[in-house]
There are 2 protein chains.
Amino acid sequence: MALYQATASAPVNIACIKYWGKRDTALILPTNSSLSVTLSQDHLRSTTSSRADASFAQGDRLWLNGKEEEIKAGGRTATCLAALRKWRKEVEEGDASEPKMSEWPLRIASYNNFPTAAGLASSASGLAALVASVSQLYQLPQTPSELSLIARQGSGSACRSLFGGFVAWRMGARDDGADSLAVQVAPREHWPEMHALICVVSDAKKGTSSTSGMQKTVATSTLLQHRIKHVVPQRMDEIERAIAERDFDAFAKLTMRDSNSFHAVCLDTEPPIFYLNDVSRAIIAVVEELNRASVAQGNGLVAAYTFDAGPNAVIYTLEANMPLIVNTINEYFPQTQAFPDPFKMLDKAHIAKPEGFNPAVVREGGWEKGAVSRLIHTTVGDGPRRLGDEESLLNESGEPKTLA
Amino acid sequence: MALYQATASAPVNIACIKYWGKRDTALILPTNSSLSVTLSQDHLRSTTSSRADASFAQGDRLWLNGKEEEIKAGGRTATCLAALRKWRKEVEEGDASEPKMSEWPLRIASYNNFPTAAGLASSASGLAALVASVSQLYQLPQTPSELSLIARQGSGSACRSLFGGFVAWRMGARDDGADSLAVQVAPREHWPEMHALICVVSDAKKGTSSTSGMQKTVATSTLLQHRIKHVVPQRMDEIERAIAERDFDAFAKLTMRDSNSFHAVCLDTEPPIFYLNDVSRAIIAVVEELNRASVAQGNGLVAAYTFDAGPNAVIYTLEANMPLIVNTINEYFPQTQAFPDPFKMLDKAHIAKPEGFNPAVVREGGWEKGAVSRLIHTTVGDGPRRLGDEESLLNESGEPKTLA
């Protein structure tokens, strides 16, 4: 008897133009469009296996990193699974020979290859992997953009993880959300030199969750509406042009501006929301000073920082500048965890900072070890991958395998 | 022979609705109106003595805290002195018996009773004391609002230090600045229960000066114009009403909102400007949590924080709530300098925090000693004072006395 199962992996994405604010919290419709870079699954990924079987006990079951999570009726996961089943039903109605998987219970196991403690948003890659896996299991004919409508309802920014490369989430105009979906602006092959360095910043305190934080901003910020209506639409046009032209200077400027604009509206929230801490600010100061000194020498910007709803920095830079970035960050922010250095940046000859770089922008002697706990070096990457059954996370009885 | 001299003191003011941005940098015309509370000169003041004497060597001379400062031609101090001389000239032309002081050299000595290291803006009180002193020396008939036109050109927010109580700086509309002046919204006697606690926060790094910072914001922020045109005008109306009605809840909400809005547009500047550090953020968290817990108990807000262009917090609260504020700040932010406690707040019986206060908003055990170096407790205060000759800072030869 055939085993109906599929295993998929999906990437993390980090926005350059930020999503912050919902106009519909049930359908997860955003107040503005956003744009992200998909990061390589070689380094960061969520993997999800799903299986449908008529013999399973009634009710879907889900495990995250080996721990069972309740699928709440009416919750986001249930909403996604219901939508996927509806499309599966259409497949079955169109071809009577198709197994009636839409009626069978599901078993789903998901695993992130990066620790939650790293403070990296796992909901985007996790939901994208779930949608990719179940859509493969169900052999759905829908396009990634169509699937992104479902991922969006699981976790807004998950819709962008259904593509590789450079991805826009069009906010759409319809009340039912049918036009609020992700599209690929450019594949990774268009600009493979785009690299990213994630600086995991320690934070004593747990910050405000993005789900509750963004709605507080929508409800109380006097600046958000201006950002939404006037600032972001122009930036979306500009950054898409920058990507099309592989114009790193424009890309970097827009990315830094929009990160700062996003944190500005967080600060303008009542009570104010702070995600950046003193270490985040110091990373900003270092990148700004590298850029300032480089431009003063007649060269272009070397890097762009961006921060999501937490203190971790993601530094985008072109491959040629990554040795400079890695060495500079290492100098001022010694880490507690050894840097795996997948691209052998530390082997490069000493990279001089641009002449005129002012070390006084960082406190003398740099930061104490562990203020940045670890670095992750990765690149722009591809979209969800279909994996073989040998990589399934489910054992014969449809429960999660014990991972070594 | 008569000695022509005058000594005046002037207060510090701390804005509730912030001045940030000039539409004319030479005349110091702001992009928005602002409103401040004048703090008591019993605790913080600048004192200035000025003397005019035909026998002085040519050229005006100025000493700040005993150190001579050059009066640059075309500079701000020279501009103020020229404007004051012009009005003195009108006095002399109206009455031939008046001594021709407008033609005589000036000797001016100014002294702040608070250390520059405290990070408190001394330019506002300093320029106001200079204008008050010279206008007294010259026996000018102009009103404080008219004098504020001159103080404004020395240091924008100095214009607000020419009044006690609650003071608005009307931005005005004219290109020559003749209507950009300060007016008293309410005298201190209207709401004498208004107290302030200044928390001097240590900062490793020198921040961006407000003069250069605000013009960077004007040039690059995409949110500032919205703040200027739509947010501040409404807040000015609302806070004047709150003061008129002695409505502390409204006053506190508007003060905190506007501080956060100001720091938000700083963050939205390119490169971003950060004045708040982790200690500033922790003070915000404590005040917000005291307020939240108080409101949850059915009571009003207990305090409002506000931050100028630096990490120091100024906490406004009504006298009745100051014991709670002092004790709570003491608990989480032990200082290196003993608190002088001029109003005997530490003698009060232990003040319980509102029920439900969550201590987890601050890191466990509070901050290390000295994160807040000292506290200054003061109240709303009066405007510039005329002091007797016995308090003159100038000796017989027109040079600064050596202060004990």
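Here are three short exercises on this predicted two-chain model, each with a worked solution.

Residues are numbered from 1 along each chain as its sequence is written, and chains are lettered from A. Local features need pLDDT of at least 70, side-chain atom pairs count only at pLDDT 80 or more, and side-chain values use heavy atoms, without hydrogens and water.

**Exercise 1.** Work out whether the span of helix H1 of chain B agrees or disagrees with its number of residues.

*Solution.* Start with the definition: helices are DSSP runs (H or I, at least four residues). The expected span is 1.5 Å times one less than the number of residues. With 19 residues (76-94), H1 of chain B should therefore span 27 Å. Its end C-alpha atoms lie 28 Å apart, which agrees.

**Exercise 2.** Which residues of H1(B) are buried (under 20% relative accessible area, 1.4 Å probe, protein chains only), and what covers them?

*Solution.* First list the buried residues: Ala78(B), Cys80(B), Leu81(B), Leu84(B), Arg85(B), Trp87(B), Arg88(B), Val91(B) and Glu92(B). Then look for contacts (heavy atoms within 4.5 Å). The cover includes strand S9 (106-112), helix H2 (123-137) and helix H3 (144-154) of chain B.

**Exercise 3.** How are chains A and B related, and through what surface do they meet?

*Solution.* Superpose the copies by least squares on C-alpha atoms of residues with pLDDT of at least 70 in both. A turn of 180° and a shift of 0.0 Å along the axis lay chain B on chain A with an RMSD of 0.0 Å. The copies are thus related as by a two-fold rotation axis. Next, 100% of the interface residues of chain B are also interface residues in chain A, so the copies meet through the same surface.

Key: Helix = DSSP H or I, 4+ residues; strand = E, 2+ residues; numbered from the N terminus. Buried < 20%, exposed > 50% of the residue type's maximum accessible area, 1.4 Å probe, protein only.
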